[in-house]
Amino acid sequence: MPIVEVPAFERACGAFFVSKQLAASSGHLIVKAPTDAGPVQLDFARLQFQVAKALLAGAAAQVDRSQGQEAARAITRAIEALLAMRTQLERGGK
């Protein structure tokens, strides 16, 4: 399949395996971008807490490898929250 057809294919089937595989094979991470569902409330304390929890989960997973999947999910959620804040700031806080 030509690479230009991948986005349409993924939207049609609702699965994003091709994009994820392309990103993973080149050492990249796909993070879900915020939607235009409205402004994101900048709550620095909540964001800082979420990032701190993700880092703590990562540290715990270094000690107990069975916690790795949960730590990875926590880190991804923190990255998504940071991306939402970044997007809002780029838009001028609107």
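**Group meeting: a four-helix predicted model**

Let me begin with one residue, E10, which touches A15, F16, F17, V18 and S19 once residues up to four places away in sequence are set aside. E10 itself lies in helix α1, which covers residues 6–13, and, as you will see in a moment, its charge is worth a second look.

Before that, some context, and please keep in mind throughout that what we have here is a predicted model. The protein averages a pLDDT of 85, and 88% of the residues score at least 70. Among the elements, helix α2, residues 17–25, has the lowest mean pLDDT, at 85, while helix α3, residues 44–63, has the highest, at 94. As a general caution, where pLDDT is low, the predicted coordinates should not be read in detail.

As for the overall architecture, the protein has four helices and zero strands, so that reading along the sequence simply gives the pattern α-α-α-α. Of the contacts between residues at least 6 apart in sequence, 55% join residues at least 24 apart. Buried residues make up 17% of the 94 residues, and the accessible surface comes to about 7200 Å², with 62% of that area belonging to carbon and sulfur atoms.

Now back to E10, and to the matter of its charge: which side chain of opposite charge is nearest to E10? That side chain is R11, but R11 is 7.5 Å away, and E10, although buried, has no salt bridge. Since a salt bridge here requires a side-chain nitrogen of Lys or Arg within 4 Å of a carboxyl oxygen of Asp or Glu, the 7.5 Å to R11 does not qualify.

Where, then, do we find salt bridges? The structure holds three of them, and I will take them one at a time. R73 forms a salt bridge with E70, the closest N and O atoms being 3.1 Å apart; both residues lie in helix α4, residues 68–90, and they are three residues apart, about one turn of the helix. R77 also forms a salt bridge with E70, and there the closest N and O atoms are 3.2 Å apart. Taken together, E70, R73 and R77 are linked in a network of salt bridges.

How accessible are the members of that network? R73 counts as partly exposed because its relative accessibility is 42%, R77 counts as partly exposed because its value is 40%, and E70 is likewise partly exposed, with a relative accessible area of 39%.

The remaining pair to mention is E90 and R86, which form a salt bridge with the closest N and O atoms 3.2 Å apart. E90 and R86 are four residues apart in helix α4, and therefore separated by about one helical turn. E90 is exposed, with a relative accessible area of 55%.

Finally, let me turn from charged side chains to nonpolar ones, and to the surface of the model. I3, V4 and L22 form a nonpolar patch on the surface, and together these residues have about 310 Å² of accessible area. Is I3, which belongs to this patch, buried or exposed? I3 counts as exposed, because its relative accessibility is 54%, and its place in the chain is in the segment before α1.

To close, the two places I would ask you to look at in the viewer are E10, buried and without a salt bridge, and the network that links E70, R73 and R77.

Technical notes
Residues numbered from 1 in each chain as written. Predicted model: local features only at pLDDT ≥ 70, side-chain atom pairs only at ≥ 80, totals over all residues. Heavy atoms only, no water. Helix = DSSP H or I, 4+ residues; strand = E, 2+ residues; numbered from the N terminus. Buried < 20%, exposed > 50% of the residue type's maximum accessible area, 1.4 Å probe, protein only. Lys, Arg positive; Asp, Glu negative; His and termini not counted. Contact = heavy atoms within 4.5 Å. Patch = residues over 30% accessible without salt bridge, like charges linked within 9 Å, V, L, I, M, F, W, Y side chains within 5 Å. Areas by Shrake-Rupley, 256 points an atom, 1.4 Å probe, with all protein chains shown as cover. pLDDT = per-residue confidence, 0-100.
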